[in-house]
Amino acid sequence: MKKEYIHCIIGLIILFLGATSCITAIILNDLLASSKSVLFLFGVCFILVGIVSYAQHNKKYLKIKYLKNNEIPVIAHWVFKPNSSSYINELLYERKSSTVSTIILTFILCLVIACCILFSGEKYSLSLSIGLIVVSFLALPTALFYNDYSYNSKLTSSSEALIGEDCIYFLDELYTLHKSIYFLEDIRINYSSENTLQFLYGDYDLYTGPMYTINIPIPLDELEVAQQVQKHYLDLILYE
């Protein structure tokens, strides 16, 4: 839930940056016409991305809020104690590494943009590029520290899974019957040393197996509930 709230804030920030870019292109008369066009184009793109991002994540935020407050039906609510599930620990470490890669790639992208600004030859190119580089070098350790702190906190705190009639909230992620371009096509129970409830997403037109899988650990005394969830979702996607 917190993640979606942060994404909503980021969406609004992108929207603000886009509006600022457009206004700057309009009021700075000493810029070249080509630079004004590029600045305005980037501003419009940022505005559109900000609006779409905010709308999508705000919708997810409200859905999670309704689930947590039992304002919509909840089929299963499982709470996992810290380090009680090896699968959850493994998944959190994977997400932590993935976020580190994203942060580093974003940092490199900012440096590339700064170099492009520097060699553009505009009046304010030197100050803008230096400013962007300074901000990037300040933001990098801050983002890495926050990412490390955030995932370490998750490892030492309880996790939960909320399964509604048509959505699943697990490890701060909301999943519905659709996942990006994929559709929920099967639900299975994997019986092993740590039983898991598997939601398999794929493409109906491709028969190459699941493209994306969500594995939710099943508490020891909740196997019967998991079987009920499996039946409910199998009936649900049968009529989709």
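Which residue in β2 is the bridge partner of Trp78? It's Ala161, and that pair is a handy way into this predicted model.

## The first sheet

Trp78 and Ala161 are bridge partners across two strands, β1 and β2 (residues 159–164), which run antiparallel and are joined by six bridges. Zoom out and you find an open sheet of four strands, ordered β1-β2-β3-β4, with antiparallel pairing. The edge strands are β1 (74–80) and β4 (173–175), each pairing on one side only. On average, neighbouring strands here are turned by 10° against each other, if you ignore direction. As a bit of background, strands of a sheet pair through backbone hydrogen bonds, in either a parallel or an antiparallel way.

Helix α3 (residues 86–118) packs on this sheet. Helix α3 touches β1, β2, β3 (168–170) and β4, and its direction makes about 80° with that of β3.

## The second sheet

There's another open sheet of four strands, this time in the order β5-β6-β7-β8, again with antiparallel pairing. At its edges stand β5 (178–179) and β8, each with a single partner strand, so one side of each has no neighbour in the sheet. Two bridges hold the antiparallel pairing of β5 with β6, and Lys179 stands opposite Tyr182 in β6.

For a look at the β8 edge, try Thr213, which lies in that strand (residues 212–217). Its relative accessibility is 30%, so Thr213 counts as partly exposed. Setting aside its neighbours within four places in sequence, Thr213 is in contact with Gln198, Phe199 and Leu200. Leu197 is 16 residues from Thr213 along the chain, and their C-alpha atoms are separated by 10.0 Å.

## A helix that meets both sheets

Now for helix α5 (residues 223–238). In the first sheet, α5 lies across β1, β2 and β3, running at about 135° to β1. In the second, α5 lies across β6 and β7, at about 150° to β6. The helix has 16 residues and reaches 22 Å from its first C-alpha to its last, close to the 22 Å expected at 1.5 Å a residue.

Which residues of α5 are buried? They are Ala226, Val229, Gln230, Tyr233 and Ile237. Looking down the axis of α5, you'd see these buried residues fall within an arc of 105°, so they line one face of the helix. The general rule is that an α-helix has 3.6 residues a turn, so residues three or four places apart point the same way. The buried residues of α5 pack against β1, β2, β3, β6 (182–190) and β7 (196–202). Flip to the other side of α5 and Glu224, Lys231 and Leu238 are exposed.

## The nonpolar cores

In soluble globular proteins, nonpolar side chains tend to be buried together. Here, the largest nonpolar core has 29 residues. Those with the most contacts inside it are Trp78, Phe170, Phe199 and Ile216.

So back to Trp78, and a wider look at what it touches. Not counting residues up to four places away in sequence, Trp78 touches a list that includes Ser159, Ala161 and Ile163, along with Leu197, Ile216, Val225 and Ala226. Apart from the largest core lies another core, of six residues, among them Ile64, Leu67, Leu162 and Cys167.

Conventions
Residues are numbered from 1 along each chain as its sequence is written. This is a predicted model: local features need pLDDT of at least 70, side-chain atom pairs count only at pLDDT 80 or more; totals for chains, interfaces and linings use all residues. Side-chain values use heavy atoms; hydrogens and water are left out. Two strands pair if DSSP finds at least two bridges between them. Axes are lines fitted to C-alpha atoms, for helices over the stretch in contact, and angles run from 0 to 180 degrees between N-to-C directions. Contact means heavy atoms within 4.5 Å. The expected span of a helix is 1.5 Å times one less than its number of residues. Buried means under 20% relative accessible area, exposed over 50%, partly exposed in between (1.4 Å probe, protein chains only). The arc is that of the directions from the helix axis to the C-beta atoms. A nonpolar core is a set of buried Ala, Val, Leu, Ile, Met, Phe, Trp, Tyr and Cys residues joined through side-chain atoms within 4.5 Å.
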